[in-house]
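Biologist: I'd like a close look at one part of this model: the largest cavity. What lines it, and what else is worth seeing on the way there and back?

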Amino acid sequence: MSEFMIPTGIESNPEQEQEETRLSRYVGGPAHVHTTESSRWGYVEGELTLGEQITYLNEHVYAGDPEISNRFLALGEHTSNPGSPERLSEADPIVLSLETQRQHIDSLKAETGFALFTGVEANILPDGNIDIPPSLAEKLDLVIASRHALPHDIEKMPSEIVRTLTTPMTDGNVDVIGHPNRFTWDVEGVDWPAIFEAAKQSNTAIEVNASVFPILNAEADHQHYDQAIEWWRGWLSQLAESGAPVFFGADFHQFRPLQGGEQPTSDRLQSGPGTKMLLRFSRLAKILEEVGITPERGITTRADKLKQGLETPKD
């Protein structure tokens with residue numbers, strides 16, 4: 001069986017195989033994935049088309065996998081520009097394009113050997129609402145709500161972090177709070193237990209996003225890295241204690257380095273996913289085990305479990 005994200009034909013040593021096995025217990029496929037649909041503002045947010053991603057997974061990851069029916073690809077396309085979020089109307093070209101993509105994916109679901117989930121990564125606006133209209137959100141399989149660019153007093157104030165992360169949980173169309181600890185891990189006084197309790201009570205999953213997990217490389221500051229890892233360990237421990245549902249997200253913007261050394265076409269994407277992303281995922285999975293977040297807590301371990309998690313009514 002080809003483990004998730006481990007391309008066929010790539011040899012690994014025993015230690016790598018142990019990490020790959022651990023990783024495959026937590027993720028049944030790439031969730032929170034950007035295609036070229038996300039690239040609208042003059043720079044690359046998604047390098048590969050949907051078709052290229054489907055081909056890549058079929059030929060290089062899921063080939064020969066007896067569990068392919070429970071593997072998946074779950075999209076998380078950008079909505080308005082994450083650098084300058086704005087509320088989108090039903091007639092906005094971005095909304096119309098995302099609706100067209102949704103219809104196209106729905107037409108493909110019976111043709112792929114693995115499950116496809118339509119989805120967006122909507123921006124959380126300063127008032128705590130998301131930037132897409134309900135008419136689109138309610139048709140999608142997956143709606144991730146994420147904080148991106150926000151006014152500084154909202155971005156770094158502990159009470160505002162709590163407000164903007166919990167308000168979207170009251171939206172019946174929001175399934176996941178995306179990378180909630182991105183740009184917030186260095187902010188003291190954030191009431192994370194309150195955020196996690198709100199997620200549990202509303203049946204909103206908290207994303208554990210591998211793309212923002214720290215990685216040590218030649219240029220890294222060891223002290224800063226160690227501090228970041230300890231913060232993550234404490235954050236995940238609080239998440240473990242809360243009982244809130246967990247969504248293991250890749251936040252992929254392209255796949256090709258996984259094919260064994262092929263470089264992405266954009267310098268902006270040199271850092272991932274590739275080897276660094278695999279390393280992030282495997283080290284993150286190890287900490288998840290250590291703090292008591294088992295694979296069973298995640299809704300992204302299998303396609304049928306993800307489908308069930310996304311279809312469970314919000315409280």
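Modeller: Here is a walk from the whole protein to the cavity, then on to a sheet and two loop residues. Keep in mind that this is a predicted model.

Start with the overall picture. The protein has 10 helices and nine strands, and buried residues make up 54% of its 315 residues. If you take contacts between residues at least 6 apart in sequence, 76% of them join residues at least 24 apart.

Now the cavity. Rolling a probe the size of a water molecule over the atoms shows where empty space is left. A search of the whole structure turns up one cavity of 30 Å³ or more, and the volume of the largest cavity comes out at about 50 Å³. Its lining is made of Leu 23, Tyr 26, Val 27, Val 208, Phe 248, Phe 281, Leu 284, Ala 285 and Leu 288. Sorted by type, that lining is nine nonpolar residues, with no polar and no charged ones. Two elements give two or more residues to the lining, helix H1 (14–26) and helix H9 (274–291). H9 gives the most, with four residues.

H9 also takes us to an odd backbone spot. Most residues other than glycine have a negative phi. Asp 251, in the loop between strand S9 (246–249) and H9, goes the other way, with phi near 55°. Asp 251 has a relative accessible area of 9%, under the 20% cut-off, so it counts as buried.

Asn 203 is another non-glycine residue with a positive phi, about 60°. You'll find Asn 203 in the loop between helix H7 (192–202) and strand S8 (205–209). Its relative accessibility is 24%, which lies between 20% and 50%, so Asn 203 is partly exposed.

Last, have a look at the open sheet. Three strands make it up, in the order S1-S2-S4, with parallel pairing. Strands S1 (31–33) and S4 (115–117) each have a single partner strand and stand at the edges, so one side of each has no neighbour in the sheet. On average, neighbouring strands here are turned by 30° against each other, direction ignored. S2 (residues 72–75) runs parallel to S4 and is joined to it by three bridges; Leu 73 has Leu 116 as its bridge partner in S4. Helix H2 (residues 50–61) packs on this sheet and touches S1, S2 and S4. The direction of H2 makes about 155° with that of S2.

Conventions. Residues are numbered from 1 along each chain as its sequence is written. This is a predicted model: local features need pLDDT of at least 70, side-chain atom pairs count only at pLDDT 80 or more; totals for chains, interfaces and linings use all residues. Side-chain values use heavy atoms; hydrogens and water are left out. Two strands pair if DSSP finds at least two bridges between them. Axes are lines fitted to C-alpha atoms, for helices over the stretch in contact, and angles run from 0 to 180 degrees between N-to-C directions. Contact means heavy atoms within 4.5 Å. On a 1 Å grid over the protein atoms alone, a cavity is a set of points where a 1.4 Å probe fits but cannot get out, and a pocket is an open set with protein on both sides within 12 Å along at least five of seven lines; lining residues have an atom within 4 Å of a point. Grid points are joined across faces, edges and corners, and a volume is the space filled by probe spheres set on the points. Ala, Val, Leu, Ile, Met, Phe, Trp, Tyr, Cys and Pro count as nonpolar, Asp, Glu, Lys and Arg as charged, and the others, Gly among them, as polar. Buried means under 20% relative accessible area, exposed over 50%, partly exposed in between (1.4 Å probe, protein chains only).
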